[in-house]
Amino acid sequence: MRCAVGCGHRQRGVDVGYGLDAVRGDPAHPVNQGLACGRGVGETADPEGEFLTRPMIRRGDELVSTTWDLAFARVIEGFRDAIADSRDGVAVLGSGQQTNEAAYALGKLARGGFGTRYYDANTTLCMASAVTAYYEAFGSDAPPPTYEDIPDAERHVVWGANPAVAHPVMFRWISDSAGDDDSEMVVVDPVRTETAEVADHHVQLDPGGDLDLARAVLARVVETDRVDEAFVEANTTGFDDLVADLPDAATAAAEAGVPMADVDLLAEALDYPTLVYWGMGVNQSTQGTDTAGALIDCCLATGNMGPGTGPFSLTGQANSMGTRVCSSKGSWPGHRDFDDPDARREMAAAWGVPVERLPDDPGPGPVGILEAIEDGPVEAVYAVATNPVAGMPDATAATERLDDTFLVVQDAFRTETVEKADVVFPAATWGESEGTTMNMERTVSRVRKATETPSGVRTDLDLITTLGNRIADDLFDGPTDPAAIFDEFAALTAGTAADCSGISHDRLDAEHAVRWPAPDAKSNAGYRYHDDGDWAFPTPSGRARFAGGEGTGLPEPPDEAYPLTLTTGRESDGYNTGVRSRGPPEESPALIARVHPDTVAEHEGTLTAAENTVVGRIESRRGGAGAEIEADAAVPPGVVWLPIHHPATNDLTIPATDPKSDEPNFKQCAVRIAPAGGS
């Protein structure tokens with residue numbers, strides 16, 4: 001599993017020993033029908049990262065191998081000490097790299113075992129803004145469209161995303177559809193990305209100008225009588241309030257740094273059956289929720305809802321959708337409202353714990369969780385399949401906080417966070433585990449192991465349930481195999497917006513994949529909220545809601561001291577923080593900073609030529625990193641582009657978060673180029 005497209009793979013284990021011999025696309029899988037990308041195949045079959053094979057415990061400055069009994073004893077002692085005075089003494093950090101079963105079990109341990117509010121399933125780092133916008137508009141999470149809608153769209157607007165790199169299989173479907181005679185692709189991005197290179201049009205806005213541009217398009221839709229009045233009147237609320245707060249289109253366009261011709265191009269695209277896709281360029285911003293909401297508003301205002309159209313957020317991690325549905329982070333399983341007293345009672349009863357043990361609110365995202373180490377109750381951290389030392393904004397400060405905790409890390413690979421751990425649990429990864437995942441279009445698929453693991457490695461699910469039973473008095477008091485845990489989760493979703501009660505391991509073995517909501521063993525959902533031309537949204541009025549929202553501006557615009565803007569993005573060989581592609585931490589490749597040739601020329605006296613490269617140092621107010629400077633006209637003047645998965649990048653990024661979603665602003669902050677070797 002490489003990303004949230006959810007491709008089915010066929011995997012074959014080696015004849016002797018441990019590992020995978022071959023990986024390829026599964027022709028029988030309904031999602032990808034045999035397609036597979038090189039990165040997904042390569043990083044599954046032969047990852048570069050250093051596998052963990054034995055539990056480890058810290059002795060002074062070193063991590064040394066130990067037994068499972070001693071590792072568990074140390075963890076149980078540390079966690080019990082941490083929660084002796086407060087159930088919030090342990091923070092839990094999960095990941096979209098777990099199966100649904102492991103994600104559900106981790107949420108059960110965090111919420112029902114510890115009772116902590118300091119828990120995140122990693123989705124707050126990537127999808128929380130899109131999730132919040134979907135709730136504001138539709139009353140429920142997840143995109144309405146599915147992959148089946150892509151061939152029917154006549155316009156594909158890709159905004160703040162680079163699926164040619166991040167989602168290659170899905171991008172093939174998009175580009176195939178856009179290649180039809182009556183179709184086009186429009187890319188909105190400050191950088192001329194690989195996706196923009198093959199698009200029919202590239203709208204190159206200023207970094208952070210997404211909300212201004214989206215509102216300019218909305219205003220232009222209204223000004224030019226492009227509103228689908230029949231759809232708006234019959235199926236939405238809040239349109240008049242939205243229009244009253246819209247800016248002048250030309251003014252907003254100027255704020256976004258684009259000419260009115262580009263605004264008209266986007267407004268005209270919405271005249272056709274249009275899918276609007278967006279990714280981290282929208283979400284990872286202090287304005288992420290309002291921008292995602294504005295893109296949804298564009299679809300609602302123009303009637304771009306229904307088959308072949310609609311707002312389609314592009315999820316990053318392999319099982320980010322699954323953690324949203326299963327893990328009890330922002331909602332209880334099945335998207336049950338976290339604040340609903342009835343849902344709380346039902347969860348407590350199902351888990352056999354006192355209702356007062358469950359936290360009163362979902363708690364902060366990862367930024368707030370680590371801040372609670374410094375000024376709150378958190379004394380211990382349990383990090384599962386995630387690498388916060390490299391992946392958190394302002395990573396130096398995040399690392400210093402983790403150094404002050406009892407840190408337990410559970411991972412398949414040796415990461416920067418493993419190096420800081422007090423105890424390390426080696427865990428199985430894809431190809432070594434059984435369970436299920438959910439892709440970005442709500443499809444649940446089976447995951448099967450094709451190889452055994454060394455005796456010192458256990459699955460995430462096994463480790464979590466074992467820990468839960470020792471910490472919380474048999475929290476998992478029934479069978480803990482993946483099929484049984486899935487059945488437990490699925491039963492809790494019955495009757496909810498994300499109903500998975502009609503899905504089971506046996507059904508998936510027979511059908512390969514099923515899309516929720518699936519309330520019975522025959523159902524397999526399609527486009528959401530739409531049935532034979534009728535619309536029904538899970539909102540109090542039954543209608544979709546226009547959200548509006550004017551945003552907050554960039555948290556750190558460039559100035560005289562830091563005159564450049566940093567932006568970040570994915571590379572084709574990156575996998576989250578790159579643990580599968582760049583080898584162990586001590587072997588990290590050089591950081592490559594892509595900078596416009598004019599900007600490079602302006603810093604000619606600052607940069608140094610070394611071994612056929614030009615080197616310098618990228619600095620922000622939080623830290624700095626040496627980098628090879630690559631002149632690249634695809635990056636606008638005044639902008640520095642860094643790969644988000646390189647461990648040095650987040651030494652620079654700012655920990656400001658979206659006020660609605662709590663998602664960090666990874667995409668824009670002020671930086672400067674300094675001489676190599678500077679402080």
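In what order do the five strands of the open sheet run? Going across, the order is β9-β8-β7-β11-β12, and the pairing is parallel. Keep in mind as you look around that this is a predicted model.

Let's start at the rims of that sheet. β9 (201-203) and β12 (310-313) are the edge strands, so to speak: each of them pairs on one side only. As you step from one strand to the next, the twist averages 20 degrees. Now zoom in on one pair of neighbours. Strand β7, residues 155-159, lies alongside strand β8, residues 184-188, and the two are joined in the parallel sense by five bridges. If you'd like one spot to find by eye, pick R155: its bridge partner in β8 is E184.

Next, hop over to helix α14, which covers residues 288-301. Does its length fit what you'd expect, or what should its span be? With 14 residues at 1.5 Å a residue, the helix should span 20 Å, and its end C-alpha atoms are indeed 20 Å apart, which agrees. How many of its residues are buried? The count is 14 of the 14, so α14 is largely enclosed by the rest of the structure. Follow the chain past the helix and you reach G303, where phi is positive, near 70 degrees.

Finally, further along the chain, have a look at helix α19, residues 395-403. Here the buried residues are A395, A397, A398, T399 and L402. What do they pack against? Their partners are two helices, α17 (366-375) and α18 (388-391), along with two strands, β15 (380-384) and β16 (406-411).

Conventions
Residues are numbered from 1 along each chain as its sequence is written. This is a predicted model: local features need pLDDT of at least 70, side-chain atom pairs count only at pLDDT 80 or more; totals for chains, interfaces and linings use all residues. Side-chain values use heavy atoms; hydrogens and water are left out. Buried means under 20% relative accessible area, exposed over 50%, partly exposed in between (1.4 Å probe, protein chains only). Helices (H or I, at least four residues) and strands (E, at least two) are DSSP runs, numbered from the N terminus. Contact means heavy atoms within 4.5 Å. Two strands pair if DSSP finds at least two bridges between them. Axes are lines fitted to C-alpha atoms, for helices over the stretch in contact, and angles run from 0 to 180 degrees between N-to-C directions. The expected span of a helix is 1.5 Å times one less than its number of residues.
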